[in-house]
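Here is a quick tour of one structure, written for someone who likes backbone angles and ring geometry. Have the viewer open and follow along.

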Amino acid sequence: TIGITCYPDQGGSGVVATELGLHLARHGCEVHFITSSLPFRLRSYIENIFFHEVELPDYPVFRSSPYTLSLATAMQDVAKKFSLDILHVHYAIPHAASAFLAKEMLQPTKLKIITTLHGTDITLVGQEPSFFPMTRFLIEKSDAVTAVSDFLKQETRRVFGVGDDIQVIPNFVDSRVFKPIPNSELRLEFAPHGEKLLLHASNFRKVKNIPAVIDVFNLVSKKSNARLLMVGDGPEMPETKKRVSDLGLAHRVDFLGKEDHLERILPVADVLLLPSLHESFGLVALEAMACGVVPVVTSVGGASEFINDGHNGFLRAPDDVDGMAETIVNIFENDDHRQILSEYARQDATMDFGASCVMRQYLDLYESLL
Ligand code: GMT
C-alpha cells in the first residue's frame with residue numbers, strides 16, 4: 001500500500017508521480033494520492049487508486065493556509081487508516097517536510113519515506129537561504145532519495161554536500177500513449193500548406209528561456225516555411241505574446257494554452273524546442289521523442305542522459321540562438337535525415353526510458369525498503 005504526494009497541476013513532477021501511481025495500481029498495489037486537488041492525469045475512476053484531498057482551512061490569522069501542516073496531518077491520517085507501507089513524495093519542498101512530520105506523529109511506525117527530487121526543488125527553491133538547511137535535513141531523513149537524472153544527483157551532492165546514496169531513476173514515457181500519428185488530420189489544421197512545425201511546451205516560467213524560443217523561431221522563419229506551436233501557460237505568457245507581436249510573427253505562431261493530453265499535440269510537430277536555462281531532465285523532450293519528434297534541447301542539465309547529440313536529437317547551449325536556429329533549419333530542409341533522427345528518437349526513448357523498464361526500478365526500490 002503506497003501513498004503518493006505531488007503537485008497536482010501540470011508539470012513534469014506531477015506527471016511522473018501520477019503515471020507511477022497508475023502503473024503501480026495496474027501492478028496490483030493499492031495507491032493513495034494525498035494531494036491538494038485531483039492530479040490532472042487522474043480524471044476518471046481507476047481500480048486500486050484512491051484520492052484524498054488535503055483540506056486547507058482558511059483563518060484570518062494566517063496570511064495563507066499552512067499547506068505543509070495540513071498535508072502532514074492528511075498523510076498521517078491516510079497512513080494510519082490504510083496501513084501505508086511507503087509514502088512516496090515528489091518534489092522535496094515542502095512535501096518531504098510534511099512526510100517527515102507525519103512519520104514522527106506515527107512513531108513507532110513501519111512507514112518508509114521516499115523523496116524523489118525533480119529539479120528546481122534542488123537547483124533553485126531548495127537553495128533559497130530560508131529553505132537550504134531544511135532541504136539538506138530532509139534529504140538525510142528520508143528512508144530513500146531518488147533523483148530523475150545523474151545531473152540532479154551530482155548537483156545535490158555539490159550544493160548540499162549530502163546524497164551519496166541517492167538512486168538515479170530516470171523519467172519514463174508510456175510508448176503506447178505517446179506515439180507517432182501518421183497522416184494526422186490535426187497537422188493539416190496547423191500546417192495546411194505543408195509548413196514545417198516547431199513546437200514548444202512548458203509552464204512558461206523564467207527557467208524555460210522563452211525569449212530564446214521566439215528568437216530562434218524568428219531566425220528559422222526567415223529561411224523556412226514554418227509555424228510555431230506554443231503549448232502551455234504561465235507567468236511569462238504576456239511577455240511572450242508581446243515579443244511575438246513586436247517581431248511581426250503573430251500570423252505564424254499559435255498559442256494553444258494548457259493541454260492535458262500532450263500525446264494528441266506532440267506528434268503533429270517536426271521538432272520540439274526546449275532551450276531552458278537548465279533542465280534536470282526535460283520530460284516533455286522524452287515524450288516528444290516517443291512521438292517521433294526530433295528534440296532540440298538545452299545542453300545544461302540532464303538531457304544528455306537520453307539525447308545523443310546528432311543521433312536522436314540535438315543539445316545546444318541555452319544562449320546559442322544561432323546554433324539552435326541553424327540546427328532546426330537543417331532538420332526542416334532534409335526530410336530523409338529528419339526521418340532517420342525521428343526513428344532513433346522513438347526507439348531510444350521507448351527502450352531504456354519506457355514505462356515498464358523504469359517502473360521495475362521503482363518496484364525494486366520499494367521491495368528493498370520493505
Ligand atoms: O522543478 C521544476 O521546475 C518543476 C518540475 C515539474 O513539476 O515540471 O520540473 C522538473 O521535474 C521534471 C520531472 O522530473 C523534469 O522533467 C524537469 O526537467 C524539471 N525542471 C527543471 O529542472 C527546471
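Is Phe306 buried or exposed? Phe306 is buried, since its relative accessible area is 5%, under the 20% cut-off for that class. Bear in mind throughout that this is a predicted model.

## Aromatic pairs

Phe306 has a ring partner in Phe353: the two are edge-to-face, with 6.0 Å centre to centre and 65° between the planes. Phe306 sits in the loop between strand S12 (294-298) and strand S13 (314-316), while Phe353 sits in the loop between helix H13 (335-351) and helix H14 (355-369), so the pair ties together parts that are 47 residues apart in sequence. Phe353 is buried too, at a relative accessible area of 12%. Add Phe281 and you have one aromatic cluster made of Phe281, Phe306 and Phe353.

How many aromatic pairs does the count come to? The count comes to seven aromatic pairs. One of them joins Tyr59 and Phe62: ring centres 6.0 Å apart and planes at 65°, so this pair is edge-to-face, as planes over 60 degrees apart count that way. As for exposure, Tyr59 is partly exposed, with 49% relative accessible area, and Phe62 is also partly exposed, at 36%.

## Glu305 and its contacts

Step back one residue from Phe306 and you reach Glu305, which lies in the loop between S12 and S13. Glu305 counts as partly exposed, at 35% relative accessibility. Leaving aside neighbours within four places in sequence, Glu305 is in contact with Ser149, Asp150, Phe151 and Phe353. That list includes Phe353, which is also the ring partner of Phe306.

If you want a long-range reference distance, take Glu305 and His200: they are 105 residues apart in sequence, and their C-alpha atoms are 20 Å apart in space.

## Two helix packings

Start with H5 (residues 132-141) and H6 (residues 150-160), whose axes are 11 Å apart and make an angle of about 120°. The two helices are therefore oblique to each other, and H5 passes H6 in a left-handed crossing. On the H5 side the contact uses Phe132, Thr135, Arg136 and Ile139, and these meet Thr156, Val159 and Phe160 in H6. Sorted by class, that contact has four nonpolar, two polar and one charged residues.

The other packing brings together helix H1 (residues 12-26) and H14, at an angle of about 80° and with the axes 11 Å apart. That makes H1 roughly perpendicular to H14, because the class covers angles from 65 to 115 degrees. Which residues of H1 meet H14? Leu20, His23 and Leu24 do, and across from them in H14 are Ala355, Met359, Tyr362, Leu363 and Tyr366. By class this contact has seven nonpolar, one polar and no charged residues.

## Backbone oddities

There are cis peptide bonds to look at. Ile93 and Pro94 are joined by one, with omega about -5°, and Pro94 lies in helix H3 (residues 92-106). Gln107 and Pro108 are joined by a cis peptide bond as well, with omega about -5°. Pro108 lies in the loop between H3 and strand S5 (112-117).

Then come the positive phi values. Tyr91 is not a glycine, yet its phi is positive, at about 80°. Tyr91 is found in the loop between strand S4 (86-90) and H3, and it counts as buried at 13% relative accessibility. Asn48 is not a glycine either and has a positive phi of about 75°. The loop holding Asn48 runs between strand S2 (31-35) and strand S3 (49-53). Is Asn48 buried or partly exposed? Asn48 is partly exposed, with a relative accessible area of 24%.

## A buried asparagine

Last stop: Asn209, found in the loop between strand S8 (196-201) and helix H8 (210-223). Asn209 is buried, with a relative accessible area of 12%. What does Asn209 touch, leaving aside its neighbours within four places in sequence? Asn209 is in contact with Pro275, Ser276, Leu277 and Pro318.

Terms used: Residues are numbered from 1 along each chain as its sequence is written. This is a predicted model: local features need pLDDT of at least 70, side-chain atom pairs count only at pLDDT 80 or more; totals for chains, interfaces and linings use all residues. Side-chain values use heavy atoms; hydrogens and water are left out. Axes are lines fitted to C-alpha atoms, for helices over the stretch in contact, and angles run from 0 to 180 degrees between N-to-C directions. Helices (H or I, at least four residues) and strands (E, at least two) are DSSP runs, numbered from the N terminus. Angles under 35 degrees count as roughly parallel, over 145 as roughly antiparallel, 65 to 115 as roughly perpendicular and the rest as oblique. A crossing is left-handed if the near helix is turned anticlockwise from the far one by less than a right angle, and right-handed if clockwise. Contact means heavy atoms within 4.5 Å. Ala, Val, Leu, Ile, Met, Phe, Trp, Tyr, Cys and Pro count as nonpolar, Asp, Glu, Lys and Arg as charged, and the others, Gly among them, as polar. Buried means under 20% relative accessible area, exposed over 50%, partly exposed in between (1.4 Å probe, protein chains only). Rings of Phe, Tyr and Trp (its six-membered ring) pair if their centres lie within 6.5 Å; planes under 30 degrees apart count as stacked, over 60 as edge-to-face and the rest as tilted.
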